Amino acid sequence: MKHLLIKLLLLISLSGCQSKPVTNRSESNVLAGLSFPIPKSDQITQPVIEDSDETECYQGVTIDQQFSFIAERSFTEEEPNGKTYSVEAGDYLVTFKDFTPNSIRRKGKSPFNFKVLYPGEYYTNVIGISHLLGAKSTQIYVVATGTGAVCCTNYWISDVSTGTPRSIFRSEDFGAFRDPMEVFDADNDGIYELVQFDSAFRYFMGDCGSCSPQPRAVFKYDKRTGVYVPAKNLQQDFVAKSFRTEEEWLKETATKLKLEQDPNLELDFRMRLLEQVASTFYLGDERRAWNTFDRYWPGSDKRKVRAEIRRRLSRSKFYRALRLQGN
């Protein structure tokens with residue numbers, strides 16, 4: 001099944017803009033820049049942009065769109081057989097065993113060893129060189145997908161600017177993420193922020209994967225500690241715009257549902273409200289998230305849904321780490 005899934009994904013090729021407003025990432029042209037086979041959700045609900053009849057392109061930029069990859073391997077091309085291989089990345093050799101990142105080596109230097117949670121269980125690789133910390137900086141980013149057909153997209157980013165590799169980001173420290181990492185420069189200082197899509201809410205209360213929230217987890221580089229950490233109240237500009245638009249839609253639709261019963265509209269409303277609430281939590285604004293939920297949630301199952309939201313948040317590595325960050 002996993003083999004078939006990746007084959008299908010390799011055949012996907014989307015280009016250009018949509019002829020309708022962007023309603024979710026997987027329908028947008030983001031895959032036009034997806035340089036590697038990666039399990040993606042069948043449909044990812046994201047904030048809706050409803051501004052006009054104009055054609056809308058998804059504006060998120062993946063790390064491999066900003067900084068091109070230099071090598072890739074996948075389970076569709078070869079079966080894992082326990083072999084070790086290396087990829088040249090500038091002056092370094094990045095070594096893998098099967099599809100598991102192993103080490104970064106430079107002649108005459110001690111190797112830097114990757115820390116991985118699931119050795120032997122990954123099934124694609126991408127290797128690239130980036131300049132996330134400024135034009136004069138250099139990082140090696142490594143991607144390995146796994147461990148299941150629907151999860152995960154794991155990134156290891158190592159800074160090699162000083163000639164000695166050091167880890168500055170590892171997805172697995174913060175949870176199980178899906179889809180390509182996106183990057184943006186929030187304050188135009190030349191240092192990029194990172195975005196991953198958290199699967200902590202997947203199959204929420206029995207919902208399908210595409211029906212469940214998949215909030216953006218944003219990371220900012222901490223110059224004091226020298227690593228990327230969860231960031232509060234940071235959004236890409238186009239996400240902030242659609243976030244405000246979604247708030248208006250929820251307000252208007254809640255009023256409409258009070259005046260007339262519409263089961264289909266109520267189902268859509270519940271899905272989009274959950275997405276908005278989860279996204280607000282991931283911005284670090286707990287009070288606003290609960291206020292939004294309490295104000296708009298329809299039906300008599302509010303207490304049950306609230307308890308499940310709390311349970312999912314308590315299991316989210318990203319959210320637990322976010323709460324430890326200062327303002």
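What share of the contacts in the protein chain with a separation of 6 or more comes from residues 24 or more positions apart? It comes to 58%. Keep that in mind as you go through the close-ups below, which are all taken from a predicted model.

**Figure 1. The whole chain, before we zoom in.** Let's start with the parts list: the protein chain has 7 helices and 13 strands. There are 327 residues in the protein chain, and 52% of them count as buried. The accessible surface adds up to about 15600 Å², and carbon and sulfur atoms hold 48% of that surface.

**Figure 2. A sheet of five strands.** This one is an open sheet, and its strands come in the order β1-β6-β7-β8-β9 with antiparallel pairing. Strands β1 (69-74) and β9 (166-170) sit at the edges with a single partner strand each, so each has one side without a neighbour in the sheet. On average, neighbouring strands here are turned by 20° against each other, if you ignore direction. Now zoom in on one pair: β6 (residues 124-130) and β7 (residues 139-148) run antiparallel and are joined by 7 bridges. To find your place in that pair, look for N125, which stands opposite A144 in β7.

**Figure 3. A sheet of four strands.** Here is another open sheet, this time with the order β10-β11-β12-β13, and again the pairing is antiparallel. Which strands stand at the edges? They are β10 (177-184) and β13, and because each has a single partner strand, one side of each is left without a neighbour in the sheet. Neighbouring strands of this four-stranded sheet are turned by 30° against each other on average, direction ignored. Strands β12 and β13 pair in the antiparallel sense over 4 bridges. A handy landmark is F219, which you'll find opposite P230 in β13.

**Figure 4. Two residues with positive phi.** Have a look at the backbone of D98 and then of D179. D98 has a phi near 55°, which is a positive value in a residue other than glycine. You'll spot D98 in the loop between β3 (92-97) and β4 (100-105). Is D98 buried or exposed? Its relative accessibility is 14%, so D98 counts as buried, given that the cut-off for buried is under 20%. D179 also isn't a glycine, and its phi is positive too, near 70°. D179 has its place in strand β10. With a relative accessible area of 3%, D179 is buried.

**Figure 5. Helix α6 and its buried face.** First, a quick check with a ruler: at 1.5 Å a residue, the 14 residues of α6 should span 20 Å, and the end C-alpha atoms are indeed 20 Å apart, which agrees. The buried residues in α6 are V305, E308, I309, R312 and L313. Seen down the helix axis, the buried residues of α6 fall within an arc of 135°, so they line one face of the helix. Turn to the other side of α6 and you meet R303, K304 and R315, which are exposed. What do the buried residues of α6 pack against? They pack against α4, α5 and α7.

**Figure 6. Helix α7 and its many partners.** In helix α7 (residues 317-324), the buried residues are F318, Y319, A321 and L322. Down the axis of α7 these buried residues fall within an arc of 165°, so they line one face of the helix. R323 and L324, on the other side of α7, are exposed. The buried residues of α7 have quite a list of packing partners. Among the strands, they pack against β11 (193-198), β12 (216-222) and β13 (227-230). Among the helices, the partners are α4 (263-282), α5 (286-296) and α6 (302-315).

**Figure 7. Around L274.** Our last stop is L274, which is found in helix α4. L274 has a relative accessible area of 8%, so it is buried. Which residues does L274 touch, leaving out those up to four places away in sequence? The answer is F204, P213, W297, V305 and I309. Two of these may ring a bell: V305 and I309 are among the buried residues of α6. L274 and S212 are 62 residues apart in sequence, yet their C-alpha atoms are 7.8 Å apart in space.

Conventions. Residues numbered from 1 in each chain as written. Predicted model: local features only at pLDDT ≥ 70, side-chain atom pairs only at ≥ 80, totals over all residues. Heavy atoms only, no water. Buried < 20%, exposed > 50% of the residue type's maximum accessible area, 1.4 Å probe, protein only. Arc of directions from axis to C-beta. Contact = heavy atoms within 4.5 Å. Expected span 1.5 Å × (residues − 1). Pairing = 2+ DSSP bridges. Axes fitted to C-alpha atoms, helices over the stretch in contact; angles between N-to-C directions. Areas by Shrake-Rupley, 256 points an atom, 1.4 Å probe, with all protein chains shown as cover.
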